[in-house]
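Take a look at the protein shown here. Keep the sequence and the 3D view side by side while you read.

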Amino acid sequence: MNFKEKLKIKAENIGITLNDTQLQQFQDFYELLIEKNKVMNLTAITEEEEVIDKHFIDSLTCKRVMDMNQVRSVIDIGTGAGFPGIPLKIVYPEIEFVLLDSLNKRVKFLNEVIEALHLEKIQAVHGRAEDLARKPEFRGRFDLCVSRAVANLSTLSEYCIPFVRVNGYFISYKAQKGLEEIQECNHCMKELGSKIIDTDEFQLTDEDSKRVLIKIKKCKGTSKMYPRKAGIPSKNPL
């Protein structure tokens, strides 16, 4: 099977039907990712089937806990090479997306991808979450925040939840140990005006260890003191 056939079947297995345009966009994204990865560190995963499973399909799994038809705006915090934001944008082209990353080289790559795939209503932004979350054009504006960033759930929540509107959601993509982090999050959720409303544990492939999606609802406005200055949330989680 070629790339498109593999992706089409794997997407159908999680309830997503990709049209010809979307399949081509994913293939173009894959080729750009592999080519650029030769000159800068974007991903350790480069084998075709692994990229499909561990980057593309994994990015799309948030539909397991979120009705994407109810979402109009998404911010992806610490997007890196564009995960989960770019795959989600390809599948849900009508949703407005912001991809945030702290490394300008990665943002330049994301802009190349956006242009090559002819994506609209999407912008890649260079900056740190703790800075952008204080800007009125970003704070409390998004229906959904997503992140596959590697950080403690309390730390990540402090960075992400300020971007979400009241009654919006934050979905954290985690490995199985994310379930342990939930136990340490009670104070953090209270401080940020949020609560964990769903956890979904599943296996991506037969060989994979478990993945966990943690769905957090923002119930009220977040105090202006959050997020704290750079470094503090990771050194001293809520």
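**Charges, strands and a pocket**

Start with one pair of side chains: K174 and E181 meet in a salt bridge, with 2.9 Å from N to O. Both K174 and E181 are buried. Remember throughout that this is a predicted model.

What lies behind such a pairing? Side chains of opposite charge can pair when their charged atoms come close. The structure holds 18 salt bridges. Another one joins the side chains of K10 and E49, at 3.2 Å from N to O. Find K10 in helix α1, residues 3-13, and E49 in helix α3. The two residues are 39 apart in sequence, so their salt bridge ties together separate parts of the chain. Are K10 and E49 buried or exposed? K10 has 19% relative accessibility, and the cut-off for buried is under 20%, so K10 counts as buried. E49 has 30% relative accessibility and therefore counts as partly exposed.

Now look at E96 and R141. They form a salt bridge too, and their closest N and O atoms are 2.0 Å apart. This pair also links distant parts of the chain. E96 sits in strand β2, while R141 sits in the loop between α6 and β4 (142-147). They are 45 residues apart. E96 is partly exposed, with a relative accessible area of 26%. R141 is partly exposed as well, at 30%. Some salt bridges share partners: K6, K10, E48, E49 and D53 are joined in this way into one network.

Next, turn to the sheet. In what order do its strands lie? Seven strands form an open sheet, and the order is β3-β2-β1-β4-β5-β7-β6. The pairing is mixed. Strands β3 (122-126) and β6 (194-203) stand at the edges. Each has a single partner strand, so one side of each is left without a neighbour in the sheet. From one strand to the next, the twist averages 20°.

Follow the pairing in from the β3 edge. β2 and β3 run in the parallel sense and pair over five bridges. F97 has I122 in β3 as its bridge partner. β1 and β2 also pair in the parallel sense, again over five bridges. Here the bridge partner of I75 is V98 in β2.

Strand β1 deserves a closer look. It covers residues 73-77, and five of its five residues are buried, so the strand is largely enclosed by the rest of the structure. Which way do its residues point? In a regular strand the side chains alternate between the two faces of the sheet. In β1, S73, I75 and I77 point one way, and V74 and D76 point the other way. All of them are buried.

Beyond the sheet, go to helix α5, residues 104-116, and pick out V107. Its relative accessibility is 4%, so V107 counts as buried. L119 comes 12 residues away along the chain, and the C-alpha atoms of V107 and L119 are separated by 15 Å.

Some backbone angles stand out. Most residues other than glycine have a negative phi, and most peptide bonds are trans. K121 has a positive phi, near 55°, and is not a glycine. It lies in the loop between α5 and β3. N167 also has a positive phi, about 75°, without being a glycine. This residue is part of strand β5, and at 41% relative accessibility it counts as partly exposed.

Two peptide bonds to prolines are cis. One joins F83 and P84, with omega about 5°. P84 belongs to the loop between β1 and α4 (85-91). The other joins Y226 and P227, with omega about 0°. P227 belongs to the loop between β7 and α10 (232-235).

Finish with the empty space. Rolling a probe the size of a water molecule over the atoms shows where empty space is left. The largest pocket holds about 960 Å³ of space. Its lining has 40 residues, and G78, F83, R148, A149 and V150 lie nearest its centre. Among the elements giving two or more residues to that lining are α3, β2, β5 and α8. What kinds of residue line the largest pocket? The lining divides into 16 nonpolar, 11 polar and 13 charged residues. F83, which shares a cis peptide bond with P84, is one of the residues nearest the pocket's centre.

How values were computed:
Residues are numbered from 1 along each chain as its sequence is written. This is a predicted model: local features need pLDDT of at least 70, side-chain atom pairs count only at pLDDT 80 or more; totals for chains, interfaces and linings use all residues. Side-chain values use heavy atoms; hydrogens and water are left out. On a 1 Å grid over the protein atoms alone, a cavity is a set of points where a 1.4 Å probe fits but cannot get out, and a pocket is an open set with protein on both sides within 12 Å along at least five of seven lines; lining residues have an atom within 4 Å of a point. Grid points are joined across faces, edges and corners, and a volume is the space filled by probe spheres set on the points. Helices (H or I, at least four residues) and strands (E, at least two) are DSSP runs, numbered from the N terminus. Ala, Val, Leu, Ile, Met, Phe, Trp, Tyr, Cys and Pro count as nonpolar, Asp, Glu, Lys and Arg as charged, and the others, Gly among them, as polar. A salt bridge is a side-chain nitrogen of Lys or Arg within 4 Å of a carboxyl oxygen of Asp or Glu. Buried means under 20% relative accessible area, exposed over 50%, partly exposed in between (1.4 Å probe, protein chains only). Two strands pair if DSSP finds at least two bridges between them. Axes are lines fitted to C-alpha atoms, for helices over the stretch in contact, and angles run from 0 to 180 degrees between N-to-C directions.
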